[in-house]
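Trainee: I am new to this entry and would like a close look at a single part. Could you walk me through one chain slowly, and then show me how it fits with its partner?

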Amino acid sequence: MRKKWWKILAVLIICAVIINGLLGPVPRLFILHESIRNVYFHVPMWSAMIVMYLISVIYSVKYLNTGKQEYDLMAIEAVNTGITFCFFGLATGMLWANITWGEPWPNDPKLNGSAIATLMYLAYLVLRNALEEEQKRAKISAVYNIFAFPIIIVLLYILPKMTDSLHPGSGGNATFGQLQMSNELRPTFYAAMIGWPIIAFWICSMRYRVRLLERKEQEIDS
Amino acid sequence: MTLLQQVKTLILKDIILEWRSKYAINGILLYVVSTVFVCYQAFKSVDTTVWNALFWIIMLFASINAINKSFVQENPNRQLYYYSVVDPRAIILAKVIYNMLLMTILATIAYFVYSIIFQNPLGDPTLYFISVILGSISFASVFTMISGISSKAGNNSTLMAILSFPAIIPLLIVLIKLSRNAIEGLERAASMREIIVLLAINVITITISLLLFPYLWRD
C-alpha cells in the first residue's frame with residue numbers, strides 16, 4: 001500500500017479531471033467557447049512529454065556515470081513514453097487548432113518546434129536501431145540524448161517566445177496567468193498538469209520492468 | 001602539455017594535413033560554386049526571401065559535407081594513438097575550432113560568389129556578413145559533435161543527416177531571421193536578441209560537447 005498510493009492518487013486525479021473537464025462549468029470565451037475544455041487535455045500532454053524527456057536525460061547522465069544497463073533501459077522507455085504523449089499532444093492540438101484557428105496546422109512556431117522536437121527523438125530511436133552492440137548503443141545514444149535536450153529546450157521554450165505565435169505566452173500574447181484564466185478553470189487545469197505526468201511515469205516504469213524481465217529471460221535462455 | 005597547447009598542436013596538425021592534400025577545401029569549394037551556379041541557371045532572378053533561403057540551404061549542405069569527414073579522414077589506429085597521448089577534450093575542441101576556421105573561410109567565399117552571381121540589394125551588408133560568419137561558426141559547433149557520434153555508429157551519411165537536421169533547425173530559424181533583418185536593413189539594435197541567442201546556443205553546444213566527448217571517445 002505504501003508504494004501504491006501515488007498510482008491511486010494519479011488515477012483519482014485523472015478521473016476527476018476527465019469528469020470535471022467534460023461536465024464542469026467553464027467560462028464563455030470569445031472564439032474558444034466550449035473548446036476551452038481542451039486546455040485540460042492538450043496542455044498536460046506536453047507537460048507529461050517534457051517530464052518524460054527530462055527523466056530520460058537524467059537516466060542517460062546516470063548511465064554515462066555508472067555504466068549500468070538498467071539506466072539505459074529506463075532512458076529509452078522514457079523516450080518511448082514521451083513520444084507517445086507528444087503524438088497525443090499534437091493530435092489534441094490539431095483538433096483544437098482546427099476549431100479555433102481554422103486549420104489543423106497553422107504556421108506557428110510552437111507547432112513547428114514540437115514537430116522538430118519529435119523528429120529529434122525519432123532520430124534518437126533510429127540511432128539506437130542502427131547500432132548492434134548493446135553497450136555501444138547505450139553509450140552513443142546517451143550522448144546524443146544529452147546533446148539534443150538543450151536544443152529542444154531552446155526550440156520549445158525560447159524561440160516561440162521571440163516570435164509571433166498564436167499560442168498564449170509568446171510574441172506579446174498574454175500568458176495564462178495574465179489572461180484572466182478564470183478561477184473556474186484553474187483547479188482542474190493544475191490537477192491535470194500534475195496528474196498526467198504521474199500517469200506517464202507509471203506507464204514508463206511498467207515498460208521498464210517489462211524490459212528488465214525480458215532481459216532476465218534472455219539471460220536464463222542463453 | 002597543457003590542454004591549450006594540445007589544442008594548438010592538433011589544430012596545426014589538421015591545417016597541415018589539409019594544406020598537403022587540399023582535398024576538403026577544394027572539393028567543398030567546387031561543390032558550393034557549382035551549386036550556386038546550378039541555382040542561378042534554374043532561377044535566373046529571385047526575390048529576396050528565396051535568395052536568403054537558397055543561400056542558407058546551400059550553406060547547410062556544404063557544411064554537412066565538409067564536417068561529415070572530420071572524424072573519418074584518419075584511420076582508427078592513428079586515432080587510438082591520439083587517445084593515448086592527448087586529452088579527449090583537446091581533440092574535440094581542436095576539431096571544433098578547426099571546423100570553425102574551415103567553415104568561416106568557405107562561407108566567406110560562398111557569400112562572395114553567391115552575391116556576385118546573384119545580384120541582390122542588401123540593406124545592411126555588414127550585418128549580413130556577420131550573420132554568415134555566425135552561421136558558419138554555429139554549423140561547425142553543432143555538426144562536429146554529431147559527426148563524432150555518427151562516426152562511432154558506423155558512419156553512414158544517412159545517419160549523419162537524420163541526426164543533424166533536427167538539431168540544426170533551431171539555429172537555422174534564428175539565422176534566417178537575422179539575415180532577413182539584414183536584407184531589410186533594420187536597425188542593428190533590433191537584431192541584437194538573435195545574435196545573443198546564437199552565441200548562447202554555441203556556448204551551450206560547445207560546453208556539452210566538451211563534457212560528452214570523453215564518453216563517446218572511449219571504446
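What percentage of the contacts in chain B with a separation of 6 or more comes from residues 24 or more positions apart?

Mentor: Happy to help! Such residues account for 85% of those contacts in chain B, a contact being a pair of residues whose C-beta atoms, placed from the backbone, lie within 7 Å. Please keep in mind that this is a predicted model, where local features need a pLDDT of at least 70 and side-chain atom pairs count only at pLDDT 80 or more, while totals for chains, interfaces and linings use all residues. Residues are numbered from 1 along each chain as its sequence is written, with chains lettered from A and ligands numbered from 1 in the order in which they are written.

Let us stay with chain B. Its secondary structure consists of eight helices and zero strands (DSSP runs numbered from the N terminus: H or I of at least four residues for helices, E of at least two for strands). Along the sequence the pattern reads α-α-α-α-α-α-α-α. The C-alpha atoms fill a box of roughly 55 × 35 × 30 Å along the principal axes. The radius of gyration of chain B is 18 Å, which agrees with the value near 17 Å for a compact globule of 219 residues (taken over C-alpha atoms, with a rule of 2.2 Å times the number of residues to the power 0.38). Of the 219 residues in chain B, 40% are buried; that means 20 or more other C-beta atoms within 10 Å of a residue's own, whereas 12 or fewer make it exposed and anything in between partly exposed, with C-beta atoms placed from the backbone. The predictor's confidence, pLDDT, runs from 0 to 100; chain B averages 86, and 99% of its residues score at least 70.

UniProt, in an unreviewed entry, lists "transmembrane region" for several spans of chain B, including residues 92-114 and 196-217; such annotations, given in the numbering used here with shortened feature names, may be inferred rather than shown by experiment. Residues 92-114 of chain B are 100% helix and 0% strand, with end C-alpha atoms 31 Å apart. For residues 196-217 of chain B, the end C-alpha atoms also lie 31 Å apart, and the span is 100% helix and 0% strand.

Now for the partner. The contact between the chains takes 21 residues from chain B and 23 from chain A. Helix 4 (109-130) and helix 5 (134-162) of chain A each supply at least two residues of the side touching chain B, and helix 5 gives the largest share, 14 residues. That side of chain A divides into 22 nonpolar residues, no polar ones and one charged (Ala, Val, Leu, Ile, Met, Phe, Trp, Tyr, Cys and Pro count as nonpolar, Asp, Glu, Lys and Arg as charged, and the others, Gly among them, as polar). For the complex, the predictor gives an ipTM of 0.83 and a pTM of 0.84.

One more feature deserves a look. In the largest nonpolar core, which has 119 residues, A:Met52 and B:Leu163 touch the most other members; such a core is a set of buried Ala, Val, Leu, Ile, Met, Phe, Trp, Tyr and Cys residues joined through C-beta atoms within 7 Å. Not counting residues up to four places away in sequence, A:Met52 touches A:Ala78, A:Thr81, A:Gly82, A:Phe85, A:Ala200 and A:Cys204.

Conventions: Contact = placed C-beta atoms within 7 Å.
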